[in-house]
Amino acid sequence: MTDPVTPMPRDGGWAAYTDHARRLAALLQNERSRAEQQAATSRSGQAALDQITHRLATQRQHLHQLAATLRLPEPHIGGIAPSPVPDPAEALRRAVAAADAADTAAVHAHRQAAQPPLLPGLTPLARNALVYAAAATLGTLASLLMFAVSPDADLGRIPWQLVPWSLCGLPALAFFAGYLTISLVGQPRIGGGGTRSARVGGVICFVGMPILWFIFIAATQG
């Protein structure tokens with residue numbers, strides 16, 4: 001009698017099965033890793049979006065307050081337009097860069113507003129003294145011009161009727177002109193009012209101008 005033939009195991013089929021199983025497991029692992037990575041990226045992007053949204057809201061409030069402080073027109077901030085950049089990460093990066101630029105511009109505007117429009121590079125005392133000196137110079141020139149066109153000057157006499165103007169009236173006008181100029185363009189728009197150096201202005205106008213006038217009289221009558 002012939003012995004039955006025992007079937008041989010299909011090693012090739014089993015190897016293919018295990019190979020496909022390993023590939024499927026690797027594919028599933030890759031999919032899970034990619035899904036976890038996408039979820040982490042999504043959470044990170046959402047956190048960054050929330051942060052830039054909060055920053056833009058704070059920045060908008062700061063710009064409105066800065067415009068009110070500087071007495072400028074209220075800034076017009078338009079609505080949110082669709083981004084032309086298809087990549088969300090790149091669009092977010094550009095939004096952060098734009099917010100940084102806006103903050104830099106606001107700091108620059110704040111720094112400029114903390115300085116007076118007139119001669120911002122000088123100290124307050126030097127700027128005020130220069131303003132009073134300019135006003136006193138103009139007042140002195142006006143006094144000398146009045147002296148020159150006076151009929152008494154043509155006769156070689158001192159025009160005594162101009163003395164009150166030269167010693168009191170014109171110095172007072174020069175002082176108030178300098179004080180007004182400093183008040184209008186010599187003060188910072190923010191950071192509180194600065195000094196107007198009234199005592200220095202009084203010395204320059206009420207002492208300096210009469211001295212110059214007496215020097216001129218002495219020179220012309222000597």
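Residues are called buried under 20% relative accessible area, exposed over 50%, and partly exposed in between. These legends describe a predicted model.

**Figure 1. Overview of the predicted helical protein.** The protein contains 6 helices and 0 strands. Along the sequence, its elements follow the pattern α-α-α-α-α-α. The protein has 222 residues, of which 20% count as buried. Among contacts with a separation of 6 or more, 72% join residues 24 or more positions apart. About 15600 Å² of the protein is exposed, and carbon and sulfur atoms supply 66% of that area.

**Figure 2. Close-up of arginine 55 and its salt bridges to helix α2.** Arginine 55 has a relative accessibility of 25%, so the residue counts as partly exposed. The side chain of arginine 55 forms a salt bridge with aspartate 100, with 2.4 Å between the closest N and O atoms. Because arginine 55 belongs to helix α1 and aspartate 100 to helix α2 (residues 88-113), this pair ties together parts that lie 45 residues apart in sequence. Aspartate 100 is partly exposed, at 34% relative accessibility. A salt bridge also joins the side chains of arginine 55 and aspartate 103, with an N to O distance of 2.7 Å. This second pair likewise links distant parts of the chain, since arginine 55 is in helix α1 and aspartate 103 in helix α2, 48 residues apart. Aspartate 103 has a relative accessible area of 28% and is partly exposed. Arg55, Asp100 and Asp103 are thus linked in a network of salt bridges. In general, side chains of opposite charge can pair when their charged atoms come close.

**Figure 3. Close-up of a salt bridge within helix α1.** The structure holds 3 salt bridges. One of them joins the side chains of arginine 34 and glutamate 31, with 2.4 Å from N to O. Both arginine 34 and glutamate 31 belong to helix α1 (residues 11-69), where they are 3 residues apart, about one turn of the helix. Arginine 34 is partly exposed, with a relative accessible area of 44%. Glutamate 31 also counts as partly exposed, at 36% relative accessibility.

**Figure 4. Close-up of the aromatic cluster around phenylalanine 175.** The structure contains 6 aromatic pairs. In one of them, the ring centres of phenylalanine 175 and phenylalanine 176 are 5.4 Å apart and the ring planes stand at 75°, so the pair is edge-to-face. Phenylalanine 175 is buried, at 13% relative accessibility, whereas phenylalanine 176 is exposed, with a relative accessible area of 55%. Phenylalanine 175 also forms a tilted aromatic pair with phenylalanine 206, with 5.9 Å from centre to centre and 45° between the planes. Phenylalanine 175 lies in helix α5 (residues 163-185) and phenylalanine 206 in helix α6 (residues 198-221), so this pair ties together parts 31 residues apart in sequence. Phenylalanine 206 is partly exposed, at 38% relative accessibility. One aromatic cluster brings together Tyr132, Phe175, Phe176, Tyr179 and Phe206.

**Figure 5. Close-up of the largest nonpolar core and of a separate core.** The largest nonpolar core has 10 residues in all: Val131, Tyr132, Ala135, Ala136, Leu170, Ala174, Phe175, Ile182, Cys205 and Met209. Two or more residues of this core come from each of helices α3 (124-149), α5 and α6. Apart from this core lies another core of 5 residues, among them Leu66, Leu70, Ala106 and Ala113. Neighbours within four places in sequence aside, valine 131 is in contact with Leu118, Gly178, Thr181 and Ile182. Ile182 is thereby both a contact of valine 131 and a member of the largest core. In soluble globular proteins, nonpolar side chains tend to be buried together.

**Figure 6. Close-up of a nonpolar surface patch.** Val203, Phe206, Val207, Ile211, Leu212 and Ile215 form a nonpolar patch on the surface. Together these residues have about 530 Å² of accessible area. Leucine 212, a member of the patch, is located in helix α6. The relative accessible area of leucine 212 is 45%, so this residue is partly exposed. Phenylalanine 206 belongs to the patch and also to the aromatic cluster of Figure 4.

Definitions and conventions
Residues are numbered from 1 along each chain as its sequence is written. This is a predicted model: local features need pLDDT of at least 70, side-chain atom pairs count only at pLDDT 80 or more; totals for chains, interfaces and linings use all residues. Side-chain values use heavy atoms; hydrogens and water are left out. Rings of Phe, Tyr and Trp (its six-membered ring) pair if their centres lie within 6.5 Å; planes under 30 degrees apart count as stacked, over 60 as edge-to-face and the rest as tilted. Buried means under 20% relative accessible area, exposed over 50%, partly exposed in between (1.4 Å probe, protein chains only). Helices (H or I, at least four residues) and strands (E, at least two) are DSSP runs, numbered from the N terminus. A salt bridge is a side-chain nitrogen of Lys or Arg within 4 Å of a carboxyl oxygen of Asp or Glu. A nonpolar core is a set of buried Ala, Val, Leu, Ile, Met, Phe, Trp, Tyr and Cys residues joined through side-chain atoms within 4.5 Å. Contact means heavy atoms within 4.5 Å. Patches are made of residues with over 30% relative accessible area and no salt bridge: like charges are joined within 9 Å, nonpolar side chains (Val, Leu, Ile, Met, Phe, Trp, Tyr) within 5 Å. Accessible areas come from the Shrake-Rupley method with a 1.4 Å probe; for residues, only the protein chains shown count as cover.
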